[in-house]
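Let's take a friendly walk through this protein together. Keep the sequence and the 3D view side by side as you read.

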Amino acid sequence: MTESLYHADYMQKQKDKGVGNQDLDKDAFMKILLTQLQNQDPMNPMEDKEFIAQMAQFSSLEQMTNMNENIQKFIERQTQTDFVSHSDLIGKKVEWNKTVTDKDGDKQTNSTEGIVTSVVFKDGQAKLVIDGETKVAAKDLLSVTNP
């Protein structure tokens, strides 16, 4: 099966990983609290201190949930921005270090050049396709110039 090279497919995979998460959310917490209030002993009702403490916990839970959602949105935007910003390199001449192993097993690092023909997105990383075949991470670039 061919790996998808599209940003949208990667993001969908990330969302799908979260499916089946059985953690208690703020709605479940509120249901538990309401059930507890409805079923309390009328002769010995819950003290207001306990109720206030539980409401504070609920408020904290809600804030953490909102913060988590905002962080997830931020990460999603950052990943997309990273992918889109690399598309500006299409058609540019780039230079990067390429490490090759010779027949004796010795590693040599050579400076290599090429023209960026496209950008692919795989495993959360944007990679530049150079001359239609070589994939290079943007962090490995040494220089970018007009051809």
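**A walk through the sheet and the helices**

In this predicted model, five strands come together as an open sheet, with antiparallel pairing and the order S4-S3-S2-S1-S5. Strand S4 (134-137) and strand S5 (141-145) stand at the edges with a single partner strand each, so one side of each has no neighbour in the sheet. Neighbouring strands of this sheet are turned against each other by 50 degrees on average, if direction is ignored.

Now let's step inside the sheet. As a reminder, strands of a sheet pair through backbone hydrogen bonds, either parallel or antiparallel. Start with strand S1 (residues 93-101) and strand S2 (residues 107-122): they run antiparallel and are joined by nine bridges. You can follow this pairing residue by residue. Lys93 has Ile115 in S2 as its bridge partner, and Glu95 stands opposite Glu113, also in S2. To get from S1 to S2, the chain makes a hairpin with five residues between the strands, and there Gly105 takes a positive phi near 90 degrees.

What does S2 pair with besides S1? Strand S3 (residues 125-130) is joined to S2 by six bridges, and these two strands run antiparallel. One pair to look for here is Val116 with its bridge partner Ile130 in S3. While you are tracing these strands, it helps to remember that side chains in a regular strand alternate between the two faces of the sheet.

Let's zoom out to the whole chain. The protein has three helices and five strands, and along the sequence they follow the pattern α-α-α-β-β-β-β-β. In other words, the helices come before the strands as you read along the sequence.

Among the helices, H3 spans residues 48-86 and contains Met67. Where does Met67 show up on the surface? Together with Met64, Ile71, Phe74 and Ile75, Met67 makes a nonpolar surface patch of about 510 Å². Try highlighting these five residues in your viewer to see the patch.

Finally, some totals for the protein. How much of the protein counts as buried? Of its 147 residues, 18% do. The protein exposes about 11200 Å², and carbon and sulfur atoms supply 51% of that area. As for contacts, take those with a separation of 6 or more: residues 24 or more positions apart account for 50% of them.

Definitions and conventions. Residues numbered from 1 in each chain as written. Predicted model: local features only at pLDDT ≥ 70, side-chain atom pairs only at ≥ 80, totals over all residues. Heavy atoms only, no water. Patch = residues over 30% accessible without salt bridge, like charges linked within 9 Å, V, L, I, M, F, W, Y side chains within 5 Å. Areas by Shrake-Rupley, 256 points an atom, 1.4 Å probe, with all protein chains shown as cover. Salt bridge = Lys/Arg side-chain N within 4 Å of Asp/Glu carboxyl O. Helix = DSSP H or I, 4+ residues; strand = E, 2+ residues; numbered from the N terminus. Buried < 20%, exposed > 50% of the residue type's maximum accessible area, 1.4 Å probe, protein only. Contact = heavy atoms within 4.5 Å. Pairing = 2+ DSSP bridges. Axes fitted to C-alpha atoms, helices over the stretch in contact; angles between N-to-C directions.
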